[in-house]
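Work through the exercises below with the sequence and the model in view. Each task is followed by a solution in steps.

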Amino acid sequence: MNFVDIMDHDFPALQNDRFLRAAKGETVDKVPVWIMRQAGRYLPEFQQIRANHDFFSICQTPTLACETTLMPIKRFDLDASIIFSDILVIPQAMGLVVEMRPGVGPVLPNPLIDPKDIERLKKPDVGVELKYVADAITLTRKTLNGKVPLIGFTGAPWTLMGYMLQGGGNPTMAKARCWLYRYPQETHDLLQRITDVIVDYLVLQVKAGAQALQVFESAGDYLNDHLFTEYSFKYFKQISERVRKQLAEEQHPMVPMIAFPKGATMNSIEILAKDHSYEIIGLDWKVDPTEARARVGPDVTLQGNLDPCALYGSEESIEERARNMVEKFGKHRYIANLGHGILPDTPISSVEAFIRGVHSV
Ligand code: CP3
């Protein structure tokens, strides 16, 4: 069967619906928990696969992407899985070279420099260029056999633009931020082109079997409220509206969507949450749970936000912090997670303590 023909009833029935219940605001027996980067380098079995395969080869090989996605699900009592891939597969599909260098991170050797470089970008047919992600999702959804739901994801336009201009991760994002003032029109042109790809890509992931979608605005730190509204929120909203519209037109069931505006100010978080274009708002580790709930109101699900570095404390302290966090957020409309990706040398026993703490409330 081709993935585009697949509907929900073609997959095994879901056995653990805590994550989806929390997304919809239904009661849960225990708070659902998953971890950003849960299939990553802190797992010895991932290190082993990495010893023999390049990072993007794993992403591009559905059997390997599936096996990697399932690694943390086999080990831990997690309530959701997330497809093994990367946000940078979109710049690749648009024609830019992206390498993953061990110890360095992603490198784009030929970044965009000025607006004329936008013309270098392709408008990819995602069903062709990113078919490998769809195939990995379909295979993983089948192999999961209904154990937990499968989340698909993308980077948000501003974050992807940042990588395309900076040529990799960057502590100041100065080149990308300069564009916002120097070339506002061209910036919107670039963000719009990326958004068009993202919309098709998310629809493709849902049709392939993704049961929720997360949009990572990892570079939210670099935007004040005005810039966030203009260059992030606007596209977050457009993505959600167009994905929902396309799925509805094709009579495909809708899935919950998570916006993760990492580093965004509380005002920006409030703007995004109160727009209700996303059922779930992910919070980074600097946000105070009580303040966040007070600001966004009761009818949005919140996700997060333990400091990934808290997993270097004692097991007792981790369990205690996890319990405290759940008590502050409350069990209703809440999904536990870290406030950013898990770090590569996190002890396995800390991950177990975190999950135990969340589920003990
Ligand atoms: O969460 C999961 O388990 C699913 C897989 C996943 C990866 N990257 C795998 C990965 C997801 C959801 C991502 C998202 C991603 N990728 C983001 C958004 C989240 C965030 O961290 O803000 C970003 C910014 C990227 C880009 C990226 N990929 C960076 C900056 C790096 C290097 C950083 C680091 O930790 O070294 C990557 C590499 C990467 N992506 C790894 C993994 C498992 C490690 C690469 C390796 O094995 O060499």
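**Exercise 1. The ligand**

Task: Find which backbone and side-chain atoms lie beside oxygen atoms of the ligand, and how much of the ligand is covered.

Solution: Start with Gln38, where a polar backbone atom is 3.1 Å from an oxygen atom of the ligand; a polar contact is a pair of N or O atoms within 3.5 Å, and within protein one must be able to donate a hydrogen and the other to accept it, while residues adjacent in sequence count only if both atoms are side-chain atoms. Next, a backbone N or O atom of Ala39 is 3.0 Å from a ligand oxygen. From Ser218, a polar side-chain atom comes to 2.5 Å from an oxygen atom of the ligand. Of the 870 Å² of accessible area that the ligand has on its own, the protein covers 88% (Shrake-Rupley method, 1.4 Å probe; for residues, only the protein chains shown count as cover).

This is a predicted model, in which local features need pLDDT of at least 70 and side-chain atom pairs count only at pLDDT 80 or more, whereas totals for chains, interfaces and linings use all residues. Residues are numbered from 1 along each chain as its sequence is written, and side-chain values use heavy atoms, with hydrogens and water left out.

**Exercise 2. The sheet**

Task: Give the order of the strands in the open sheet, then look at its edges.

Solution: The seven strands run in the order 1-4-5-6-7-8-9, with parallel pairing. Strands (E, at least two residues) and helices (H or I, at least four) are DSSP runs numbered from the N terminus, and two strands pair if DSSP finds at least two bridges between them. Strand 1 (81-82) and strand 9 (334-338) are the edges; each has a single partner strand, so one side of each lacks a neighbour in the sheet. Further in, strand 6 (residues 257-261) and strand 7 (residues 280-282) pair over two bridges, and Ala259 stands opposite Ile281 of strand 7.

**Exercise 3. Cysteines**

Task: Count the disulfides and examine Cys66.

Solution: There are zero disulfides (pairs of cysteine sulfur atoms within 2.5 Å). The closest cysteine sulfur to that of Cys66 belongs to Cys59, 14 Å away, which is too far for a bond. Cys66 is buried at 5% relative accessibility, and Cys309 is partly exposed at 43% (buried is under 20% relative accessible area, exposed over 50%, partly exposed in between; 1.4 Å probe, protein chains only).

**Exercise 4. Backbone angles**

Task: Locate Arg37 and state its phi.

Solution: Arg37 sits in the loop between helix 1 (18-24) and helix 2. Its phi is positive, about 65°, although Arg37 is not a glycine.
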